[in-house]
Amino acid sequence: MIQVQKSVLINKPVAEVFEFVANSDNTTKWQGGVEAIIPEGPPGVVGSQYTEVRRFMGQEMKSRLEITAFDQNARWAAKVISGPVPYEVTATFEPSGAGTQMTTRVEGEPKGFFKIAEGMLKSQLEKSLEEDGDRLKGILEAA
């Protein structure tokens, strides 16, 4: 079981950070490994699904995810319902002074090759979450 959690402090209001992150049109702007998001239902609705096309460890991976939580300005979550690596991702948004602390938590149980490479997978995931948080902070604070 892999569990990774990273937080970033963004000097923008919670509503602005949540709106940007929850909008799937923005995902490829701030998540380095994501090449495309293909929505398959209305955005911001629990139960809606989407396909995520990601490049990870040099390989293209397609995963179908379902939104499991959408609490405006507080929490967004999704889980893989089909794909090479089953995982759940949760992002929480909390006021911190004049800004927002966004915490992203990923939990998953790698299978097959990814189980063998679990240590490397966890290390790469930690690095990706850190870089994505820094990229998001840079984009939002520059706006």
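1. A word on terms before the notes: helices (H or I, at least four residues) and strands (E, at least two) are DSSP runs, numbered from the N terminus. With that in hand, S48 can be placed in the loop between β2 and β3. Keep in mind throughout that this is a predicted model.

2. The sheet. Seven strands make up an open sheet, and the order across it reads β1-β7-β6-β5-β4-β3-β2, with antiparallel pairing. At the edges sit β1 (2-10) and β2 (34-39), each of which pairs on one side only. On average, neighbouring strands in this sheet are turned by 20° against each other, direction ignored. As a reminder, strands of a sheet pair through backbone hydrogen bonds, either parallel or antiparallel.

3. Pairing, strand by strand. Nine bridges join β1 to strand β7 (residues 99-108) in the antiparallel sense; to get your bearings in β7, look for M102, the bridge partner of V8. Further across, strand β3 (residues 49-56) pairs with β4 over eight bridges, again antiparallel, and here E52 has S63 in β4 as its bridge partner. The antiparallel pair β4 and β5 has seven bridges, with R64 standing opposite S82 in β5.

4. The β4–β5 hairpin. Three residues lie between the two strands of this hairpin, and N73 takes a positive phi there. Most residues other than glycine have a negative phi. N73 goes the other way, with a positive phi near 65° in a residue other than glycine. Its place is in the loop between β4 and β5. Is N73 buried or exposed? Neither label fits: its relative accessible area is 28%, so N73 counts as partly exposed.

5. Helix α1 over the sheet. Residues 14-22 form helix α1, which lies across β1, β4 (59-71), β5 (75-82), β6 (87-96) and β7 and runs at about 160° to β6. E16 is a residue of this helix. With a relative accessible area of 33%, E16 falls between the cut-offs and is therefore partly exposed. For a sense of scale, E16 and G41 are 25 residues apart in sequence but 23 Å apart in space, C-alpha to C-alpha.

6. The core. Which residues have the most contacts inside the largest nonpolar core? They are V17, V21, Y50, W76, F93, M102 and L136, in a core of 32 residues. F93 is a good place to start looking: leaving aside neighbours within four places in sequence, its contacts include V14, V17, F18 and V21, and also W76 and M102. The list for F93 also takes in N73, A74 and R75, along with T100 and Q101.

7. K12, at the join. K12 belongs to the loop between β1 and α1. You might want to check this lysine: its relative accessibility is 15%, and the cut-off for buried is under 20%, so K12 counts as buried. Not counting residues up to four places away in sequence, K12 touches V17, A98, G99, T100, L140, E141 and A143. K12 and N73 are 61 residues apart in sequence, with 12 Å between their C-alpha atoms.

8. Two more buried polar residues. T103 is in strand β7 and, at 10% relative accessibility, counts as buried. Beyond four places in sequence, T103 touches Q5, K6 and S7, and also T90, A91 and T92. T103 and L9 are 94 residues apart in sequence, yet 8.8 Å apart in space, C-alpha to C-alpha. S48, the loop residue from the opening point, has a relative accessible area of 8%, which means it is buried. Among residues over four places away in sequence, S48 is in contact with G41, P42, L65, E66 and I67.

9. The pocket. The largest pocket has a volume of about 870 Å³. Of its 48 lining residues, Q31, E52, R54, Y87 and V89 are the closest to its centre. E52 is also the residue bridged to S63 in β4. Which element gives the largest share of the lining? That is helix α4 (residues 118-142), with eight residues.

Terms used:
Residues are numbered from 1 along each chain as its sequence is written. This is a predicted model: local features need pLDDT of at least 70, side-chain atom pairs count only at pLDDT 80 or more; totals for chains, interfaces and linings use all residues. Side-chain values use heavy atoms; hydrogens and water are left out. Two strands pair if DSSP finds at least two bridges between them. Axes are lines fitted to C-alpha atoms, for helices over the stretch in contact, and angles run from 0 to 180 degrees between N-to-C directions. Contact means heavy atoms within 4.5 Å. A nonpolar core is a set of buried Ala, Val, Leu, Ile, Met, Phe, Trp, Tyr and Cys residues joined through side-chain atoms within 4.5 Å. Buried means under 20% relative accessible area, exposed over 50%, partly exposed in between (1.4 Å probe, protein chains only). On a 1 Å grid over the protein atoms alone, a cavity is a set of points where a 1.4 Å probe fits but cannot get out, and a pocket is an open set with protein on both sides within 12 Å along at least five of seven lines; lining residues have an atom within 4 Å of a point. Grid points are joined across faces, edges and corners, and a volume is the space filled by probe spheres set on the points.
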